[in-house]
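User: I would like to learn how to read salt bridges, burial and a chain interface from a set of coordinates. Please take me through one case step by step.

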Amino acid sequence: MAATQAVEEMRSRVVLGEFGVRNVHTTDFPGNYSGYDDAWDQERFEKNFRVDVVHMDENSLEFDMVGIDASIANAFRRILLAEVPTMAVEKVLVYNNTSIVQDEILAHRLGLIPIHADPRLFEYRNQGDEEGTEIDTLQFRLQVRCTRNPHAAKDSSDPNELYMNHKVYTRHMTWIPLGNQADLFPEGTIRPVHDDILIAQLRPGQEIDLLMHCVKGIGKDHAKFSPVATASYRLLPDITLLEPVEGEAAEELSRCFSPGVVEVQEVQGKKVARVANPRLDTFSREIFRNEKLKKAVRLARVRDHYIFSVESTGVLPPDVLVSEAIKVLMGKCRRFLDELDAVQMD
Amino acid sequence: MDTHKDVQPPKQEPIIYICGECHTENQIKSRDPIRCRECVYRIKYKKRTKRLVIFDAR
């Protein structure tokens, strides 16, 4: 009995000890455990695999993926970060910049502004093409001149009163449609995601007058193209009480974990601790600082249960980002299989 | 990133400089004394080029 329990723990749990983490690697490959059939089986995989969406709003998504290996989960995370394309400012044509912000700093800041345009409707720009066409480029104009406010009070020191147009926001960026873009994209759909990002500050007499070209790119090339802010996963916590904890110790135990993880209930007049919702725990390992209680608890994580958290920058909804990531991975697999077939034919 | 330099256009007007202190624009012809019209500051700055400069937003 104890032996099978220990084997199950070794196969399915990552154990967090006081001074280290054990059982980190996947060990259930075929032949490793006698008495277990670990050969990959499509039916068994489909029976065990599930994806549950826990929470979704317009910019963030939390979902669970259960029954896959770390390599696949990590592949999705890396693809979300680096290989799902977006549109971002690439070339800045400066006609005039007399502001305090240097040209190159200004250009760098403009590149990082998220642009609300569906990248699936655009193509990558061809190598060496400097001008860009309507299918691969978006053009924006930023033209702001700061002037002194003639109606300001004499002794005012508030810049909002003294100057007009002294703060340059993303709402000052105007979209210049190229070619047939005006027909394809209704007014107001192609814009920066947020209109209140402060780009630069000006004083009277200073002017910024520039044109921006946006292209399609991926995060691998430059982080400005990454569509997520950010995408990460954690493994489902698994907290078990090795012995019953009662009375004052139960209260102490519940304080060692994040709120809601350990519940203290009244059973026959005594306070008894119970693990209510281990998913909420952030594993501060506070329990190991308590000499009495650290022997009563086993901290572990379920090795194949991934809790993903995807936050979008606003370009695409987060669920669309996840499906795009899945499509990218499928494309990579297809390319790889085609390569293998091509080799076999020789 | 800069664009290519082209041939110097023939000078058509005297060049406008900006005073270092009062920021007024002074037109200075050659062999004119270097002095601001309004204040007595003598250090002048040239205006920013009118030529287009292209940068990579990276």
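Analyst: The turns below treat salt bridges, then the interface, then one residue and one chain. Please keep in mind that this is a predicted model.

User: How many salt bridges does a search of the whole structure find over all chains?

Analyst: The general idea is a distance rule: a side-chain nitrogen of Lys or Arg must lie within 4 Å of a carboxyl oxygen of Asp or Glu. Over all chains, the search of the whole structure returns 28 salt bridges. One of them joins the side chains of A:R298 and A:E9, with an N to O distance of 2.4 Å. A:R298 belongs to strand β18 (residues 297–312) of chain A and A:E9 to helix α1 (residues 2–12) of chain A, so this pair ties together parts that are 289 residues apart in sequence.

User: Which residues are linked with A:E9 and A:R298 in a network of salt bridges?

Analyst: A pair may belong to a network. Here A:R13 and A:D238 are linked with A:E9 and A:R298 in a network of salt bridges.

User: Are A:R298 and A:E9 buried or exposed?

Analyst: Burial is read from relative accessible area: under 20% is buried, over 50% is exposed, and partly exposed lies in between. A:R298 has 16% relative accessibility and therefore counts as buried. A:E9, at 22%, counts as partly exposed.

User: Where does A:K292 lie, and which parts does its pair with A:E252 tie together?

Analyst: The first step is to confirm the pair: A:K292 forms a salt bridge with A:E252, and their closest N and O atoms are 3.5 Å apart. A:K292 lies in the loop between β17 (270–275) and β18 of chain A, while A:E252 lies in helix α7 (residues 248–255) of chain A, so the pair ties together parts that are 40 residues apart in sequence. A:K292 is exposed, at 54% relative accessibility, and A:E252 is partly exposed, at 24%.

User: Which residue forms a salt bridge with A:E263?

Analyst: The partner of A:E263 is A:R274, with the closest N and O atoms 2.9 Å apart. A:E263 is in strand β16 (residues 262–267) of chain A and A:R274 in strand β17 of chain A, so the parts tied together are eleven residues apart in sequence. A:E263 is partly exposed, with a relative accessible area of 34%. A:R274 also counts as partly exposed, at 37% relative accessibility.

User: How is the interface to be read, and how many residues of chain A are in contact with chain B?

Analyst: One may begin with contacts and buried area, then turn to individual residues. In this model, 19 residues of chain A are in contact with eleven residues of chain B. The two chains bury about 1300 Å² between them, 49% of it on carbon and sulfur atoms. On the side of chain A, the residues losing the most area to chain B are A:E90, A:V94 and A:Y95, together 30% of what that side buries.

User: What polar pairs does one find between chain A and chain B?

Analyst: Nine residue pairs are in polar contact between chain A and chain B, counting residues with both at pLDDT 80 or more. The salt-bridge rule finds four salt bridges across this interface. In one salt bridge, the side chains of A:D103 and B:R48 meet at 3.1 Å, N to O.

User: Which elements of chain A supply at least two residues each to the side that touches chain B?

Analyst: Those elements are β5 (86–97) and α4 (103–111) of chain A. β5(A) gives the most, with nine residues. The residues on that side of chain A divide into seven nonpolar, six polar and six charged.

User: How does β5(A) run relative to strand β4 of chain B?

Analyst: Strand pairing is read from bridges and direction. Four bridges join β5(A) to strand β4 (residues 53–56) of chain B, and the two run antiparallel. Within this pairing, B:F55 is the bridge partner of A:V92.

User: Is A:P318 buried or exposed?

Analyst: A:P318, found in helix α8 (residues 318–345) of chain A, counts as buried at 1% relative accessibility. Beyond neighbours within four places in sequence, A:P318 is in contact with residues including A:D57, A:L61 and A:V310.

User: What is the secondary structure of chain B?

Analyst: Chain B has zero helices and four strands. Buried residues make up 14% of its 58 residues.

Terms used. Residues numbered from 1 in each chain as written. Chains lettered and ligands numbered in written order. Predicted model: local features only at pLDDT ≥ 70, side-chain atom pairs only at ≥ 80, totals over all residues. Heavy atoms only, no water. Buried < 20%, exposed > 50% of the residue type's maximum accessible area, 1.4 Å probe, protein only. Contact = heavy atoms within 4.5 Å. Buried area = accessible area lost by both parts, 1.4 Å probe. Polar contact = N/O pair within 3.5 Å; in protein donor to acceptor, adjacent residues only side chain to side chain. Nonpolar A, V, L, I, M, F, W, Y, C, P; charged D, E, K, R; others polar. Pairing = 2+ DSSP bridges.
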